[in-house]
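Reader: Please show me the model, and let us then examine how its descriptive terms are justified.

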Amino acid sequence: MIRLQGVHKAFGANRVLRGVDLEIPEGETLTIIGGSGTGKSVTLKLMVGLLRPDHGRIWVDDTETTFLNEDKLFEEQKKFGFLFQGAALFDSLTVAENILFGVRNLRPELLANARGVVEQKLGFVGLKPEVALLKPAELSGGMKKRVGLARAIAHEPKYILYDEPTTGLDPIMSDVINELILSLQERLKVTSIVVTHDMKSTYKVSNRIAMLHEGRIVAEGTPREIQSSENPLVKQFITGSSQGPIQMAVRHA
Ligand SMILES: Nc1ncnc2c1ncn2[C@@H]1O[C@H](COP(=O)(O)OP(=O)(O)O)[C@@H](O)[C@H]1O
Ligand SMILES: [Mg+2]
């Protein structure tokens, strides 16, 4: 379980999060939707402890991570796999080295069978073992995402955080990634938090959806509940309309 309670985060005068409450139970896939710059990536970074909140509290399982020292926080961070926005592979390393990058730090004992780890994880994301020797420059956008995902799961995390997993991909490759998210969910029994503004992907992969707007979660529910929501913010966002309260908020900002 991951829990955020009254979380605030500002960067100078930019008050990004202003009291975020969220709870993600074991085994669930929660998707956080919201416009660009609303603080979705910041929320993921707070969950994993890459950023610290200004106020509020954060728990990972039974441990409150809000004020943990670096060593103890590191123990909690091992539980997370993070698919960064844009995959963020190391260009000078091979696919295999990229996949093993986190394992070296987080689960060195798995390196006894490094080759097995690489092949198994490539298999999970639907790539052949031969891909291990390639460099990122030799991969298509979709393959890079898959390798990023193989790297995120290499140390066998309990939680997977996906930051815009389908952004920049064509519709078919997006659906391949959605299918992968679902299959990892099923096979690895992980708990996932997905950040996206792709509604098709959201409906497909989520058990629950939360919408972030002006620093708070303004709506939360099952895909069905969100689809039939009467909340004007939600209605505007999911239909992708330029007309409505979200645009107004931007104009008056
Ligand atoms: N490390 C940082 N330093 C300063 N500002 C940041 C930092 N990270 C994010 N921000 C700002 O916080 C806001 C939310 O960013 P982000 O979470 O990346 O938005 P998004 O919802 O698009 O993922 C943006 O205005 C961004 O510029
Ligand atoms: Mg982002």
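Author: The following exchange sets computed values against the definitions of the terms used. This is a predicted model, in which local features need pLDDT of at least 70, side-chain atom pairs count only at pLDDT 80 or more, and totals for chains, interfaces and linings use all residues. Residues are numbered from 1 along each chain as its sequence is written, and side-chain values use heavy atoms, with hydrogens and water left out.

Reader: Why is serine 41 called buried?

Author: Buried means under 20% relative accessible area, exposed over 50%, and partly exposed in between (1.4 Å probe, protein chains only). Serine 41 has a relative accessible area of 19% and is therefore buried. Glutamine 85, at 42%, is partly exposed.

Reader: What makes Ser41 and Gln85 donors of the magnesium ion (ligand 2)?

Author: Donors are N, O and S atoms within 2.8 Å of the metal (3.2 Å for Na, K and Ca); water is not among the atoms, so sites may look incomplete. OG of Ser41 and OE1 of Gln85 lie 2.1 to 2.7 Å from the magnesium ion, and they are its protein donors.

Reader: Why is the aromatic pair of phenylalanine 82 and phenylalanine 84 called stacked?

Author: Rings of Phe, Tyr and Trp (its six-membered ring) pair if their centres lie within 6.5 Å; planes under 30 degrees apart count as stacked, over 60 as edge-to-face and the rest as tilted. Phenylalanine 82 and phenylalanine 84 are 4.2 Å apart centre to centre, with 5° between the planes, and the pair is stacked. Phenylalanine 90 and phenylalanine 101, at 4.5 Å and 40°, form a tilted pair.

Technical notes
Chains are lettered from A and ligands numbered from 1 in the order in which they are written.
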